[in-house]
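Hi,

Here is the structure I said I'd pass on. Have a look at it first, and my notes follow underneath.

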Amino acid sequence: MREFPARFSALLDGRSGHERHPELGWTPAGYVSHVTDNLRTRAERLAGARLAGATQVPGYDQDLVGRARCYNEIAPAAALWSLQRAVDAWTESVSAAMDRRVVLQHATRGPQRAEDVGRNNAHDGVHHAWDVGRILAHADALHGAGPGRVQG
């Protein structure tokens with residue numbers, strides 16, 4: 001998890017962060033923001049369970065969050081800045097929740113141990129790094145440019 005900020009930063013190096021892929025709804029900066037919000041939400045939910053016994057947690061609509069926050073308009077540098085802070089908070093929260101053996105009761109997914117939350121978030125980040133790679137490869141093919149060139 002701690003490698004995500006560097007991983008996404010390397011992917012976005014020399015890019016506008018606003019490239020598009022016709023099959024994907026978000027830009028690279030949008031995907032970074034989505035990963036950030038997932039980490040923040042899960043960290044907060046685990047903290048609520050650990051600190052206040054609030055184990056019943058609802059789901060949330062990621063597309064609605066993306067629209068409300070205007071993911072595709074967020075500056076990539078700001079998205080990466082936010083991701084670093086979310087990773088730091090997430091790491092602290094998940095570690096503490098694992099130590100306390102926190103189990104969330106998710107509205108649609110059922111019981112989720114802190115370990116399950118961590119595994120799901122790790123999968124999400126890896127998957128979305130792959131999405132960003134797809135977007136950038138598409139932009140390169142479309143514009144006949146190699147990686148590392150600013151596209152937009």
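Starting with the fold: the protein chain has five helices and three strands. Do keep in mind that this is a predicted model. Going from the N terminus, the order of the elements is α-α-β-α-α-β-β-α.

On overall dimensions, the C-alpha atoms fit a box of roughly 55 × 25 × 20 Å along the principal axes. The radius of gyration is 16 Å, which agrees with the value near 15 Å for a compact globule, given that the chain has 152 residues.

Next, the helix packing. The axes of α4 (residues 76-99) and α5 come within 8 Å and cross at roughly 150°. Angles over 145 degrees count as roughly antiparallel, so that is how α4 sits relative to α5. On the α4 side, the contact is made by Trp90, Val94, Ala97 and Met98, and these meet Ala114, Glu115, Gly118 and Asn121 of α5. Sorted by class, the residues of this contact are five nonpolar, two polar and one charged.

Then there's the largest pocket, with a volume of about 220 Å³. Its lining comes to 13 residues, and those nearest the centre are Asn38, Arg42, Gln62, Arg109 and Asp124. Which helices supply at least two residues each to that lining? Those are α2 (28-52) and α5 (114-143), with α5 giving the most, at four residues. In contrast to the helix contact, with its five nonpolar residues, the pocket lining has one nonpolar residue, alongside nine polar and three charged.

Cheers

How values were computed:
Residues numbered from 1 in each chain as written. Predicted model: local features only at pLDDT ≥ 70, side-chain atom pairs only at ≥ 80, totals over all residues. Heavy atoms only, no water. 1 Å grid on protein atoms, 1.4 Å probe; cavity = no way out; pocket = protein on both sides within 12 Å on 5 of 7 lines; lining within 4 Å. Points joined across faces, edges and corners; volume = space filled by probe spheres on them. Nonpolar A, V, L, I, M, F, W, Y, C, P; charged D, E, K, R; others polar. Axes fitted to C-alpha atoms, helices over the stretch in contact; angles between N-to-C directions. Parallel < 35°, antiparallel > 145°, perpendicular 65-115°, else oblique. Contact = heavy atoms within 4.5 Å. Rg over C-alpha atoms; globule rule 2.2 N^0.38 Å.
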